Amino acid sequence: MDPSFDTDKIAEINRHLHSHLPPEPALRVKALESLLVEKGLVDPAALDAWIEAYTEEIGPKRGAAVVARAWVDAGFRARLLEDAAQAVAEMGFAGQASGHLKAVENTASVHNLVVCTLCSCYPFAILGMAPPWYKANEYRARAVRDPRGVLAEFGVSLAPDMRIDVWDSTAELRYMVLPRRPPGTGGMDETALAALVTRNAMIGTDDLQGAA
Amino acid sequence: MDGVHDLGGKQGFGPVDRAHENEPYHGEADARAYALCVSMRAERDYPIDWFRHVRENIDPVDYLTRPYFDQWLQTAIAMAIDTGDLSMVEIATGKPESLARTPAPMSPEDVRAMLVTPAHFERAVADDPAFVPGDRVRTASQGHPGHTRLPAYARAASGRIVAHRGAHLMPDDGARGIHRPEHLYTVAFARGDLFPEAAGSPDRIHLDLWESYLAAA
């Protein structure tokens with residue numbers, strides 16, 4: 001049958017699941033996997049395909065390649081800032097949650113920080129799996145209220161007159177930060193530059209200013 | 001709904017824990033939970049905001065303490081029970097009462113196709129946008145018992161439209177099974193206007209908000 005779209009019904013189902021499933025996460029996942037496979041609702045080969053894709057192929061190296069290209073190619077940088085979804089598709093990186101991707105650029109006076117306070121939305125196709133802290137209560141609660149305190153914990157200290165632009169991913173737009181190119185990297189090629197770009201810099205919890 | 005999921009601006013949380021930050025999955029169970037959830041999602045075409053709303057209705061203590069993908073998996077399971085694809089008896093016994101009615105589960109080829117196919121949420125609408133960049137707006141002062149993407153910390157707040165993003169499927173309706181597009185805007189708020197202790201801060205908080213969350217200010 002179709003979904004009920006009934007809040008009360010779903011809350012009751014969740015309460016029953018709480019009492020019927022093993023409390024320990026690893027056991028709970030194991031029990032559910034065994035049931036779902038036996039029932040014919042999932043194919044174990046599909047499970048492996050998902051896990052491998054985000055282990056081997058899709059990860060922050062993609063985002064780093066995008067950033068490095070933007071640093072060396074002014075035309076690409078302009079396209080990325082205008083329509084990041086199209087620009088990353090051009091590099092062969094279109095995928096999950098990249099359909100409405102926006103790139104926000106750090107400058108000498110503005111530092112960008114990305115969060116999803118309501119769930120944990122993240123541009124999987126460009127950055128891979130989100131780090132545990134991005135999905136954690138602490139980051140989701142504090143990034144909008146105390147961004148300077150959060151950044152200090154990540155070793156990023158900003159001048160008081162530097163503006164922080166926080167982007168709370170409340171719709172299907174997904175954000176990636178285009179960090180400033182680190183000083184002292186004038187002679188580096190695109191590949192060497194990409195190796196300097198951290199995943200955290202593309203979320204905004206690293207500024208790369210001491211990277212080279 | 002005023003659930004515990006609406007974490008933005010909540011106080012009392014400690015430092016951000018950066019453990020395991022460079023591993024794609026937080027252990028084997030985390031990886032399996034993720035894969036199980038996304039493998040079940042193809043069983044039915046449903047609005048993404050129904051998934052979000054089902055997760056928001058996880059027991060509050062579980063929501064705040066259980067691993068992230070463990071919650072995704074519970075959400076997928078709750079949805080399968082809601083649609084009759086699984087029963088609570090099967091959950092309790094761990095044994096199927098019958099085989100799945102759906103023709104075939106998601107295959108590895110389906111997975112490969114999904115990994116290169118972005119979803120799009122923008123739709124055509126007949127009406128013109130009510131706001132243009134630069135307009136001052138005020139957000140709704142109240143929530144409602146269903147799903148919404150206007151966080152509590154940004155209610156009854158004054159901001160400025162910085163971009164019109166086209167019309168996107170409206171999440172409050174999506175969680176009720178209704179596919180209805182509505183104009184979407186990126187709105188900037190002064191951090192000091194949202195949080196009293198940040199008065200005078202140059203920082204801005206940006207949210208992507210649907211037209212019906214907003215009124216001219």
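Start by selecting strand β5 of chain B, residues 204-210. Strands here are DSSP runs of E at least two residues long, helices are runs of H or I at least four long, and both are numbered from the N terminus. Show the side chains: B:Arg204, B:His206, B:Asp208 and B:Trp210 point one way from β5(B), while B:Ile205, B:Leu207 and B:Leu209 point the other way. In a regular strand, side chains alternate between the two faces of the sheet. Are the residues of β5(B) buried or exposed? Seven of its seven residues are buried, so to speak a mostly covered strand. (A residue is buried if 20 or more other C-beta atoms lie within 10 Å of its own, exposed if 12 or fewer, and partly exposed in between, with C-beta atoms placed from the backbone.)

Before going on, a quick note: this is a predicted model, where local features need pLDDT of at least 70, side-chain atom pairs count only at pLDDT 80 or more, and totals for chains, interfaces and linings use all residues. Residues are numbered from 1 along each chain as its sequence is written, and chains are lettered from A and ligands numbered from 1 in the order in which they are written.

**Next to β5(B)**

Now add strand β4 of chain B, residues 181-190. Seven bridges join β4(B) to β5(B), and the two run antiparallel. (Two strands pair if DSSP finds at least two bridges between them.) To find one of the bridges, click B:Phe189, whose partner in β5(B) is B:Ile205.

**Across to chain A**

Which strand of chain A pairs with β5(B)? Select β3(A), residues 163-168. β3(A) and β5(B) pair in the parallel sense over four bridges. Click A:Asp168 and look for its bridge partner in β5(B), B:Leu207.

Stay on A:Asp168, since there is another bridge to find: A:Asp168 in β3(A) is also the bridge partner of A:Val115. Select strand β2 of chain A, residues 110-115. β2(A) and β3(A) pair in the parallel sense over six bridges. Colour β2(A) by burial and you'll find five of its six residues buried.

**The whole interface**

Time to zoom out. How many residues of chain A are in contact with chain B? The count is 83 residues of chain A, touching 94 residues of chain B. (Two residues are in contact if their C-beta atoms, placed from the backbone, lie within 7 Å.) Several elements give two or more residues to chain A's side, among them α1 (7-20), α3 (44-57), α10 (147-153) and β3 (163-168). Pick out α2(A), residues 25-39, as well. α2(A) gives the most, with 12 residues. Colour chain A's side by class and you get 44 nonpolar, 20 polar and 19 charged residues. (Ala, Val, Leu, Ile, Met, Phe, Trp, Tyr, Cys and Pro count as nonpolar, Asp, Glu, Lys and Arg as charged, and the others, Gly among them, as polar.)

**Chain A on its own**

Hide chain B for a moment. Chain A has 12 helices and four strands, and its C-alpha trace spans about 60 × 35 × 30 Å along its principal axes. Of its 212 residues, 52% are buried. Try colouring domain 1 (7-42) and domain 2 (59-203), bounds that come from an automatic or database domain assignment. The C-alpha centres of these two domains of chain A lie 35 Å apart.

**Chain B on its own**

Swap over to chain B, with eight helices and six strands. Its C-alpha trace spans about 60 × 45 × 35 Å along the principal axes, and buried residues make up 44% of its 217 residues. The domain assignment gives domain 1 (28-115) and domain 2 (122-216), with C-alpha centres 30 Å apart. Where they touch, seven residues of domain 1 of chain B are in contact with six of domain 2. Domain 1's side divides into three nonpolar, one polar and three charged residues.

**Last stop: two crossing helices**

Select α2(B), residues 48-56, and α4(B), residues 68-82. Their axes come within 9 Å and cross at roughly 110°. (Axes are lines fitted to C-alpha atoms, for helices over the stretch in contact, and angles run from 0 to 180 degrees between N-to-C directions.) That makes α2(B) roughly perpendicular to α4(B), a term for angles of 65 to 115 degrees. Show B:Phe51, B:Val54 and B:Arg55 of α2(B), then B:Gln71, B:Thr75, B:Ala78 and B:Met79 of α4(B), to see the residues making the contact. By class, there are four nonpolar, two polar and one charged.

Conventions: Angles under 35 degrees count as roughly parallel, over 145 as roughly antiparallel, 65 to 115 as roughly perpendicular and the rest as oblique.
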